[in-house]
Amino acid sequence: MDSNFLAIVKSNNNDFFGFMNFLTSRDKKLLVLGDIKNFYNQYQEKCETKNEELVEVIEMLQEAMIYDHTIYLDVREIIGAPWFYRINVEESLLDKISIKEFLMAKETFINPEAPNNILTINFKPYYNKAPSVRDVNGIGKGVEYLNRFLSSKMFTDIGKWRNLLFDFIKLHKYRGEHLILNERINDPDHLNRNINKAVKKLSTYNEEDVYENFKHDLQDLGFEKGLGRTARDVTYNLEVLDNLLNSPDHVALSEFMTKIPMIFNIAIISPHGYFGQEGVLGMPDTGGQVVYILDQVKALEKTLSESIKESGLSIQPKIVILTRLIPNAGKTKSNKRLEKVNGTKNVWILRIPFRKYNQNVTDNWISRFEIWPYLEEFAEDSYIALKAEFNGRPDLIIGNYSDGNLVSYLLSKQFGVTQCCIAHALEKSKYLYSDLYWNQLEDHYNFSIQFTADLIAMNSSDFQITSTFQEIAGTESSVGQYETHKHFTLPGLYRVENGVNLYHTKFNILSPGVNERVYFPHTKSEKRISDVKNYLEELIFTDMENEDVVGRLSNPDLTPIFSMARLDKNKNLTSLVKWFGESVEMQSKANLVIVAGIVDAGKSSDHEEIEQINLMHQYINDYGLHDKIRWIGKLFRKNEAGEVYRIIADHKGVFVQPGLFEGFGLTVLEAMISGLPVIATRYGGPLEIIQDGKNGFHLDPIDQEESSEVILNFINKIKDDEKHWEKISSSGIKRVNEAYNWNLYSSRLLSLAKLYGFWKFSTDLEAEAMASYLDIMYHMLYKPRAEALLEKHNQR
């Protein structure tokens, strides 16, 4: 049966091969979807015809490589299931080829002398027997499918699974003390009988009687604390367990597992940057991830404490954020080993220094692209430190970004606990052709090491959390971040035929929220701090002199266009300045306010930030923007960062996020909840956060003309219709309140951790083989390249 792609090609054979022939005459020979679509528009104009049916085929073409009259195509007809074709244009022949043939063609494109016998990586055999979601709509809903898979297995082989469930429950202890079951119950049948006896006994108590009132009766029957706080709760949970033992289904499985007190200690890993609670945002490699984790741990502690209390236990959970200690930390606290997280009872930041080969501690900040040689020893030192902090081991390890995820792999293997990974942003999807031209980028980015680390982490994890669907699998017309790792090649090093299974049940979408104590609507004047508001109002809209500020606003009454981010290429703030500088109309109607990085390149040690600082100054000078821009290059405290959005909203401004790619978009949420209308990149998380035209707007940062038009259209509309600003403002607040909530996030994360913990215990499907494969990758690929990078550092 022909695919839709082949069917359309066959019915439009002349037009298709006519366009392929047109491509061979173009100077550009390595094309992505945007290039192909542009060339197809040119082809249609040349032919003065329009074939709407063929447009559907063009949208499927993710990549094209042109060798004289041969074209290789990557066709994405189905998300996560690409097909590859070779076209002989002269003879109008189209042949389906393998992934390997396609990747080899890419390698030859880069280097005609490239060797064919390089290492091939393929994880597909390790996933063949693992459960997977059935269709595209199930991607990111892994736990729902996993529950059904597990309960069906339990139902078909109930004897085996009753034993397994019994063994799993009996494992649970806290510091050596039994939870749920004690030694008086010997097997599943015994458990079944005693559940009935316990339920009967509990019926003699008042429903609101607490555990202490009936604990001796339950202990005699083999039941310990952990099943509920009151007689009613314990009765209900015992009845659910009884159903699970005798007539298992996915609802009972999920309900029981999420109520078991399995998690008390959590380690959250985030090595790079300056991790801290104040004075760090805007420092190199320090941005949204820090905000995410600090908000995450507060919500997790609250939800975990409530869950433990409801199970009938009086235990204070502990969460440790593991990061790097930087001796030369400037004005930050990144040189402080242990720091309590404000507003929590038992959440701590634990900082461990980087060192190598038992040598002296490294004193200075190191770019996230260059920290790879230090992570193994960091993990070894952290293992000892975490054991001391937890007086044992963590129950769950959550990695963040590539470096934190790799350390989570090393630590979860040592501790033997559940591993969760959160990518935040996979660099491979940010930098076009970063795989093909890895060798040319290696001096600055070391992508060969990072991509290897990403493959290890995403395949070792028990479950993955993403903020959006597109992070995993993109859209109908664009590839997802994880999807870019399905097949690629690093010419001369290795090729990946199948790097990740997007349909695996480990993937779960879990969107974060915002800190409502810091970020709230500008209309809530009673919550705003006058001194902070007045200071920032003066800093932004007056001529207050400050060494960290460039430019002034000669007409502060114009609509403020505002953006706030780190100064790196991907955040693309320099392009926003360029769009503003090249639009006379925009300059006549608006001012530009940028909060980013620092203004003095001499004070930075980050080569990418230095490049962007210099470019900012260049554009401001070239376009004569000194009296139309206010570039603030200073670090704000969290309460100041929240107030900046509200001040811009007071002035009826707009927040513009022009990133080339945004993994999620926390600043988008922060601006929206503040009541500040948002225009943001369509590449990444904002595509799902913002409903275009309803509660914000999308722009294409690659298309300057379109982006400028979107911004100008909004500015003109709010000048013509004052209610339009209010409409978008209130719709943005409503969107965040309804869809992005930390309480929901933390409840679901803990539920996922428990269910995947049971999955980890209950099955060894390819687990040992996968672990061995990953171990080889770590020691034969990752580690030698990381050590070579250290040698390179030492030679500088």
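The protein comprises 29 helices and 25 strands. The coordinates analysed here are those of a predicted model. Its radius of gyration is 28 Å, close to the 28 Å that the globule rule gives for 796 residues, so the protein is as compact as a globular protein of that length. The C-alpha trace spans about 85 × 70 × 60 Å along its principal axes.

Burial and contact statistics complete this overall description. Of the 796 residues, 60% are buried. When contacts between residues at least 6 apart in sequence are considered, 71% of them join residues at least 24 apart. The exposed area of the protein amounts to about 31,900 Å², of which carbon and sulfur atoms supply 47%.

Charged side chains were examined next. The protein carries 90 positive and 109 negative side chains, and the centres of these two sets lie 5 Å apart. Under the distance criterion applied, in which a side-chain nitrogen of Lys or Arg lies within 4 Å of a carboxyl oxygen of Asp or Glu, the count of salt bridges comes to 39.

One of these salt bridges is formed by R495 and E107, whose closest N and O atoms are 2.7 Å apart. R495 belongs to strand 17 (residues 494-498) and E107 to helix 5 (residues 99-110), so the pair ties together parts that are 388 residues apart in sequence. Both R495 and E107 are buried.

A further salt bridge is found between R785 and E442, with a separation of 3.7 Å between the closest N and O atoms. This pair also links distant parts of the chain, as R785 is located in helix 29 (residues 767-795) and E442 in helix 16 (residues 438-445), 343 residues apart. The two partners fall into separate accessibility classes: R785 has a relative accessibility of 26% and therefore counts as partly exposed, whereas E442, with a relative accessible area of 7%, is buried.

The side chains of D462 and K760 likewise meet in a salt bridge, at an N to O distance of 3.3 Å. D462 occupies the loop between helix 17 (447-460) and strand 15 (463-466), while K760 lies in helix 28 (residues 742-762); the pair thus links distant parts of the chain, 298 residues apart. With 15% relative accessibility, D462 falls under the 20% limit and so counts as buried. K760, at 35% relative accessibility, lies between the 20% and 50% limits and is therefore partly exposed. In addition to these pairs, D285, R368, E427 and K430 are joined into one network by salt bridges that share partners.

The surroundings of a single aromatic residue, Y645, were also characterised. Y645 is situated in helix 23 (residues 638-650). Its relative accessible area is 0%, and Y645 is therefore buried. Leaving aside residues up to four places away in sequence, Y645 touches Y519, F562, M564, F655, T667, E670, A671, S674 and L676. With respect to S605, which is 40 residues away from Y645 in sequence, the C-alpha to C-alpha distance is 29 Å.

Note on methods: Residues are numbered from 1 along each chain as its sequence is written. This is a predicted model: local features need pLDDT of at least 70, side-chain atom pairs count only at pLDDT 80 or more; totals for chains, interfaces and linings use all residues. Side-chain values use heavy atoms; hydrogens and water are left out. Helices (H or I, at least four residues) and strands (E, at least two) are DSSP runs, numbered from the N terminus. Buried means under 20% relative accessible area, exposed over 50%, partly exposed in between (1.4 Å probe, protein chains only). The radius of gyration is taken over C-alpha atoms; the globule rule is 2.2 Å times the number of residues to the power 0.38. Contact means heavy atoms within 4.5 Å. Accessible areas come from the Shrake-Rupley method with a 1.4 Å probe; for residues, only the protein chains shown count as cover. Lys and Arg count as positive and Asp and Glu as negative; His and the chain ends are not counted. The place of a charge is taken as NZ of Lys, CZ of Arg, CG of Asp or CD of Glu.
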